[in-house]
Amino acid sequence: MERKTHFDSFRDRSKRIMWQDDCYMDLQSSSPSQASQVDTEDSGWVQGHHDQLCRFTTCSFLEQTLSHLKSMNVLSPSEEAKIQSAGQLRDQVTTLTAIISEKDSPASIVLRNFVQKSNSQVAQLIINHDLMVQEHKEVLLRRCEEHRDKVNMSSLSLLLVEGLSDLQQKEHDLMQVQATRGAQRNPLRDLSLTALLEPLTRASVPPRVSLTVGVAGVGKTTWVRHLVKLWSQGAFCPDISFVLPLTFCELNSLEKMSAERLLKLAFPHLSDPSLVLSSHCRTLLILDGLDHFRGTMNFSEAAPCNDPKKEVSMDELITNIIRGNLLPHVAVWVTSRPGVASLIPGGLIDRVTEIPGFSQKDIKVFLNKFFSENGHDNMIWGHLEAHKTLMALCYIPAICWIVADTLKFIIQSGSQPHFPRTCSELFAHFCLMKAEAGEPRGREPVKTELLHAANCKLLWSLGRLAFYSLLRHKYTFSEQEFRANGIDQGLLQCSLGTGVIMREESLISSVYRFTHLSVQEFFSAIFYSVSSKRAIFDLFSESTVSWPKIGFQNHFKNAFLHSQQAVSGQFDVFVRFLSGLLNPHVLKPLSALVTLWKDDGSQKAWAADFIHSLLSNGAHVVSLRSVNLAYCLHELQHMELLRSVEEDLRLGSLSKKMSRAQRVVLSYLLQVSPECNEQTNLTNCLNCTTVNCLLPQLFYCSQLRLENNQFKDDVMELMGSLLSAKDCHIRKISLADNSISNKGAKSLSRALYVNRTLTSLNLRSNNIGSKGVKALADALKMNQALVSINLQNNGIDEEGAQAAAEVLKCNRKLVSLNLRKNSIGAKGVQKIAVALKTNRTLKKLILCSNQLGDKGTVALAEALTTNHTLLILQLQSNSISNKGMTALTEALRLNHGLLSLNLRENSIGVEGAKNMAQALHKNTTLQELDLTANLLHDEGVQAIAGAIKFNQSLVSLHLQWNFIKSPATKVLAQALLSNNTLQLLDLQENAIGNEGIVSLAEALKSNTRLKTLCLQGVSAGTAGAVALAESLTVNQTLQTLDLRGNTVGIEGAKALANALKINRSLMSLNLQENSLGMDGAIFIATALKGNHRLSYINLQGNGVGESGAKVISDAIRSSAPRCVVDI
């Protein structure tokens, strides 16, 4: 159009004279202003098409252009040389346009005419590209506005993953979600939608074929629409010229088609498909919903085709596009459910991303918004928390909407709603809700009985279509298929039809589908259940030629047989619903829609016995097919076995010789039990045989405790295979207190070479020795996931310490290393100290009970002068004396990173305490200091107290078992008057007496920072208790007071009781073994009526007897229900 308009004034050649072969001067131009306008338009064309010229001009086209301009004497040889020396192609084109723009109008005319007369794709793109793109964006934007998606996509991101896991390829979508409790695999990284088609690094290239997977209902189509909308609005990949969204639902209606004809059919406004598909512009082809495609996708047998004009079958067209034979320059984005996505060979896919489902936080936010008007969100959340099978549904956004909508309907239906406990109950109420949603749309109102009849007829017809389509993996339907099953447009307009069926229209076709796969499976189960009463042949056989099967029980068995044999878990949810239809709570809401028999309980009992027999007689290893049987028991609400195993799991009393049925139920509980929600505790209940049986189900536990199971190296072989698997979700595993040797450690180390999920490994109290440590160390040099390892009490010596030191020199992920109770000695720790000088990632180092002595301590001290990233250092029981302490305290004066230092049970003595005091005057970062049992005596403690007056960083100070008496306690009390940071002071087992307690009590009246005061066994009597009580009436910051093992007596108890009536800060009070007697305990109990903060009190060992303990306990619970009582 532009070309036609611009050249209207040049059509009559008889009125023009030739100028330089193809430039014309208009003899009729009568006005200088008109000539000036033409000049402006000519130069404006070049400027207006500058971006297109730069973007689409190729080297060959530039050479042709320069040659033509030279032949027309528009371009001089020097100007040509200037252009060719400009550098990159884009720079050369920019130089050309600048030179042409500086010349008179004829030069611009020559360039414009050359481009417009050229028949090349490059020229056509320069002329027409922007208009085509603008029109295409407007069309796509109008299509996007027809859909109103219910999820806000702006804050969501995709997960970049390494291919598909075995779970994704082989299991039903819902089982994938339930097995992992909605948790995602450890992704390589999060990926925003804008980065989907971009290179991940500067050295990489954009992906040609991208695959995005997600379970049914997670929002794949919503993501596609969001991307298309963003691109149409100019907010996504502006360098992409064309985005071409197609769905496999549309493609199913086509037979033979060429790539260009398909494009013309789907986007008729694109007049020249060859331009869109050319290599000169960047195009994105979106193929949404591969799981709906009815082709075979046989990449090995598809005939090659590289001609975009050649018509081939849709199957061959798609395989050739993905393989790159067709449209090799077009980027392709495929979305699919995981199981079907595995049909595409991994070598053809450049990037795999996964759409995450809702997290528990997302579910809660969704429910808060959904029930914001009536405030039922907390009640709904509590119900989902109590019924994990329903919670698992909510990880899928589409089903979360169904759950919320159905529960809202139930709430509005009655004053005392009965919330569903199973999936079958939920979908039964969902069907009832949709059937009662209203009258048919687009028709005159009809009578209720006619509406009811229409819903019943539709339920039966849709059920039949749903079942036989499920057998063929078919999830979309045409109008012809609906009519073939007795479903016409009028029937679809009834309330049930509009509630469970969605229609998707496009220029190519109109298709129908159920609102979610689970709805299709529920309708299938209803059809099968009703049909099994009168069917005489196998319903799974679509032909009438099959062995006779008469009676519900035979058909029920047959359904489970097909389910157990299905490798992909195709019928898992179907048989759950089939079992659920024997539950009276499911039959009740469905009774208005379909005629189901009234079971007196015999069929339900028979079905439960049948499922139990399958549980007991299956394969040795528990598969997810077997776990699905436990889900069927739950849907049936036959809960005896499930509850029995769950109770044993909760109490930690599972037998090591569990039956197969118990092992299957345990595997089920790993997915749904609250006991396994945060941590799966299988301590002291497994052996090699049970681990082997449960191994496939342990993949999906996030935190796994397998302590005290007498595991030996053979089990570590199994654990190594577990941790090596791509499906492994385990983040923390504890194998403490077993019998693992260096051989077992080697098995684990081989797994650590490939594992990318495990962050914490606990091998406490095994016997891996230095050889085992060396094997683990070799793996940790490569592993970039593990951040914490516990090797406490493993017989590790100097050689093992050397291996650990080598890890610290090169590993940049390890944060915590526990080597407590080994024998690494001074020489071993010296090697670790050398590594610490360069290591900048380790935050916590535990070296307690390792015979370090002063030499080892001196080496660590030297490391602390340069290492300022280590935060926690524990050196308990290492025979450290004043000599080692001198070096350590000198280091503390220079160190400005260490936060916690544990020196318990050493022998630093008075001089060591004085050195520490001097360090505390200089150090401004140390927050926790433990000097328990270090022979400090009064003199050493007085020095520490003097430092506390000025130190403003110390938060916690432990001084128990240090022969402290009242004089030192008085100095500490004085320090508390000026100290503004200390929150915990531990003086247990020191003979400070009443005099020392009184001084501390006086300090508490002024101190406003101390929160915990430990005074166990300090020879405190009544006078001390009275003084503390008096301080508690004033002090409003102390939260924990420990007075165990003193002689407070009745009068002391009375004083403390009176204080508790006033005090509002104390949360924990321990008066164990204080000679309170019955009267003293009663004083304390009655005082709690006025105390609203106390959450724990211990009155054990005070001579109140069993009957008295009950009276006092009941009194406390009635006065303070939230207070935990030990008596």
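Here is a short talk about burial, a surface patch and a helix crossing in this chain.

Trainee: What kind of model is this?
Mentor: A predicted model, in which local features need pLDDT of at least 70, side-chain atom pairs count only at pLDDT 80 or more, and totals for chains, interfaces and linings use all residues. Residues are numbered from 1 along each chain as its sequence is written, and side-chain values use heavy atoms, with hydrogens and water left out.

Trainee: Why is Ser626 called buried?
Mentor: Buried means under 20% relative accessible area, exposed over 50%, and partly exposed in between (1.4 Å probe, protein chains only). Ser626 has 5%, so it is buried. Its place is in helix H31 (residues 624–636). Leaving aside neighbours within four places in sequence, Ser626 is in contact with Gln564, Leu615, Arg660 and Val664, where contact means heavy atoms within 4.5 Å.

Trainee: And what makes Ile550 exposed?
Mentor: Its relative accessible area is 60%, so Ile550 counts as exposed. Ile550 lies in the loop between helix H26 (517–531) and helix H27 (552–565); helices here are DSSP runs of H or I with at least four residues, numbered from the N terminus.

Trainee: How do you know that H27 meets helix H30?
Mentor: Phe552, Gln553, Phe556, Lys557 and Phe560 in H27 meet residues of H30, among them Trp606 and Phe610.

Trainee: What makes the H27 and H30 crossing right-handed?
Mentor: A crossing is right-handed if the near helix is turned clockwise from the far one by less than a right angle, and left-handed if anticlockwise. H27 passes H30 in the right-handed way.

Key:
Helix = DSSP H or I, 4+ residues; strand = E, 2+ residues; numbered from the N terminus.
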